[in-house]
Amino acid sequence: MSEEYRVICDWFMCWTAGMKARRIEAHLNRLSAEGWSFVALNPFIFLGFDVGFYLVLKRSVGEPKQWVQ
């Protein structure tokens with residue numbers, strides 16, 4: 001089995017820590033239903049201010065089935 005990774009960048013919409021937490025939670029709730037799992041969370045810093053985040057997710061992807069003759 002191989003793994004597929006996805007990076008979500010969400011920035012300049014996170015003015016407070018609570019808003020940032022709600023945005024992260026919304027992404028995780030939506031994508032966990034599709035089989036994605038959390039890998040990493042990194043802040044997005046602009047001119048010394050934490051204005052967003054990068055969210056890294058992964059999911060397992062099955063190998064394509066081969067036809068048997």
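**Exercise 1. Decide whether Asp10 is buried or exposed, and find its charged partner.**

Step 1. Asp10 has a relative accessible area of 7% and is therefore buried; buried means under 20%, exposed over 50%, and partly exposed in between, with a 1.4 Å probe and protein chains only. This is a predicted model, in which local features need pLDDT of at least 70, side-chain atom pairs count only at pLDDT 80 or more, and totals for chains, interfaces and linings use all residues. Residues are numbered from 1 along each chain as its sequence is written, and side-chain values use heavy atoms, leaving out hydrogens and water.

Step 2. Now look for the partner. Asp10 makes a salt bridge with Arg23, with the closest N and O atoms 2.9 Å apart. The term asks for a side-chain nitrogen of Lys or Arg within 4 Å of a carboxyl oxygen of Asp or Glu.

Step 3. Place both residues. Asp10 is in strand β1 and Arg23 in helix α1 (residues 17–32), so this pair links distant parts of the chain, 13 residues apart. Here helices (H or I, at least four residues) and strands (E, at least two) are DSSP runs, numbered from the N terminus. Arg23 is partly exposed, at 31% relative accessibility.

**Exercise 2. Work out which parts of the chain the salt bridges of Lys58 and Arg59 tie together.**

Step 1. Start with the principle: side chains of opposite charge can pair when their charged atoms come close. The whole structure holds four salt bridges.

Step 2. Lys58 meets Glu3 in one of them, at 3.5 Å from N to O. Because Lys58 lies in strand β3 and Glu3 in strand β1 (residues 2–11), the pair ties together parts that are 55 residues apart in sequence. Lys58 is partly exposed at 26%, and Glu3 is partly exposed at 40%.

Step 3. Next comes Arg59. The side chain of Arg59 meets that of Glu4 at 3.1 Å, N to O. Glu4 is in strand β1 and Arg59 in strand β3, so this pair too ties together parts that are 55 residues apart in sequence. Glu4 has a relative accessible area of 32% and counts as partly exposed; Arg59 is partly exposed at 26%.

**Exercise 3. Describe how β2 and β3 pair, and find the aromatic pair that links them.**

Step 1. β2 and β3 run antiparallel and are joined by nine bridges; strands pair if DSSP finds at least two bridges between them. Leu41, for one, has Leu55 in β3 as its bridge partner.

Step 2. Turn to the rings. The count comes to one aromatic pair, the rule being that rings of Phe, Tyr and Trp (its six-membered ring) have centres within 6.5 Å, with planes under 30 degrees apart stacked, over 60 edge-to-face and the rest tilted. Phe44 and Tyr54 form this pair, edge-to-face, at 5.8 Å centre to centre and 80° between the planes. Phe44 sits in strand β2 and Tyr54 in strand β3, 10 residues apart.

Step 3. Check the cover. Phe44 is buried at 18%, whereas Tyr54 is partly exposed at 31%.

**Exercise 4. Locate Leu47 and say whether it is buried or exposed.**

Step 1. Leu47 is in the loop between β2 (37–46) and β3 (49–61). In this hairpin, with two residues between the strands, Leu47 takes a positive phi near 55°.

Step 2. Leu47 has 70% relative accessibility, so it counts as exposed.
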